Structures are given as C-alpha cells and as structure tokens.
Amino acid sequence: MKPKSKWPGRSFPFLQVNQRESKPRKRGLTEIRGPYYSVVGPRHLEDAFETMGAYVDSLKFAGGSFALMPESAVRDIIELCHKHDVLVSTGGFIERVLVQGGDAVRQYVSECKRLGFDIVEISAGFVSISTDDWLRLIELVRKAGLKPKPEVGIQFGAGGATAATELQAEGTRDPNSAIAQAKRFLEAGAEIIMIESEGITENVDSWRTDVPAKFINEIGIEKLMFEAADPDVFAWYIKNYGADVNLFIDHSQIVQLECLRAGIWGTKSLWGRVVSFRDTLE
C-alpha cells in the first residue's frame, strides 16, 4: 500500500480550519483541469503544487491536449504530478479514439500506460455505445494496470462547450438509467464515477438539483465525483453535501475551493457555516 503523504505544516497553525485527510484520500477529492482553456505546463504547476499541492488529488488533461504537446512535456507534467502525489487522468479523449477503431483504442490505452498516466477517463458525450462496450473498455483499462474512470451524465452532446440551445434540442436521458449504468461500472471494477455537469448545472435554464441527489442516494457520495468548474456550482455542492464531496474544478479555482472546504472563507450563504467533525484522521 502506498504510504500516505505527510500533512504539511501550514502557516498560522494556531487558527482553526476544517481538518482534511492526508493523501491518498478517500473523500473530499479534488481533481483539477490541466491544459485546455489555458496553457498549463510544468512551471505553472510547480507554483500551484508548492502552494496548494496538499489539496490536489488528481490532474486531468482535457480535450486531448496531450496529443498536441511534445512527449517530453507530457512526461514532465506527469512526473511533476507524481512528485506531489497527484494522479494524472487522460480526460475523456477516448471517445475521439473510439471512432478510429479497436486497434487505435488498444494502442491508446497502451500509450497512456507507457507515458505514466494513472487514470483513463471513459466518456461518451458525443458517441453512442452500449453498456457492454463500456464494460469492455473498463476491463481493457484495468488489464493495462490503469484506473478506469467512467463519466456518466444525462445530456447527449456534453463535454464540448456546445451552446445551451443545441443541447436542449438533443434532450436528456432518464437519470435512473444513468444511475443503473453507473452501478454496473462500479461492479466491473471502476472505483469512482465522474458525473458530467451539462444538463445538470451547466448549459441549463435551471439546475437539475434532483439529479445529483438521486445519484448520491442510490450510489453513495464517496463513489461519485461531480464536475463543478464554476464557483457557484462547487459552492452549492459544499453547502448541500459538506466539505467532503468529491469535485472536479478548473486549476485556477483550487484556492477558492479549498478556502470553502476549510471553512475559512465563503459566500454570504456559506460564511462560517462549513464545518466538520473528526474524532481521528485516517
């Protein structure tokens, strides 16, 4: 078993904050988006990890950005993440690879392993595949020695910054169907499920707050990670589900999110209200 990271000695230690588990954590996980909306290289990440690395559990490449970068740069980012006990995810690029056929998918997973990735996210926002195909992909990733991370949602066409009107025309799926699918993925060996925000809190006229509630009631909060790359969204999750909810955010938001988790800052509705109780830290 990998040893847990030593909790860093923070400044102002006499000030009380909500206690957090040391890495590797089982709850209160934070995944940050890496290169996509802005260039995020080793020097940028070094600053982020030196100051806030204790609160970052994984980094996710987005949009297949790694496929445009020099291999040496991809390796440097991955190695830096591992130095700070941060796992590295491919993001959901596999659905772009799927359209190139089975051989390309197998080569993609093999290359992810060779370069040092830890997690292969498996999403299907733009392609339609059967649940059995998902299960075969999960098995392929597991056999390669990587962690499969299925992304489940209710909105077809999600994940590409599509206009809200276009997404509304596509319609949404029954949340119960998505929940049943997520359960099968967990049974097949996935450790955690990413919940796509589009159709729930992103690109909608009104938030579908009933959907995350259904997922949590049926699956359990510790097995779910919610995409929440908007401060109002991650504040809502913390307000309703506490500091230990697992969240995916943009790398630029790590300080803001952790201030909320710690209970040291907040919006008007959260100021001084985010608290925790720990008999012991595991």
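This passage describes strand β1 with its neighbours and helix α4 in a predicted model. Residues are numbered from 1 along each chain as its sequence is written, and side-chain values use heavy atoms, with hydrogens and water left out. Local features need pLDDT of at least 70 and side-chain atom pairs count only at pLDDT 80 or more, whereas totals for chains, interfaces and linings use all residues.

Strand β1 spans residues 30–33; strands (E, at least two residues) and helices (H or I, at least four) are DSSP runs numbered from the N terminus. Thr30 and Ile32 point one way from β1, Glu31 and Arg33 the other way, and all are buried (under 20% relative accessible area, with exposed over 50% and partly exposed in between; 1.4 Å probe, protein chains only). β1 runs parallel to strand β8 (residues 247–250), to which four bridges join it, and arginine 33 stands opposite aspartate 250. Pairing requires at least two DSSP bridges between two strands. With strand β2 (residues 58–60), β1 pairs in the parallel sense over three bridges; serine 58 is the bridge partner of glutamate 31.

Helix α4 comprises 14 residues (102–115), and the 20 Å between its end C-alpha atoms agrees with the span expected at 1.5 Å a residue (1.5 Å times one less than the number of residues). Its buried residues are Ala104, Val105, Tyr108, Val109, Cys112 and Leu115. Seen down the axis of α4, these fall within an arc of 135°, so they line one face of the helix; the arc is that of the directions from the helix axis to the C-beta atoms. On the other side of α4, Asp103 and Gln107 are exposed. Glycine 116, with a positive phi near 105°, follows α4.
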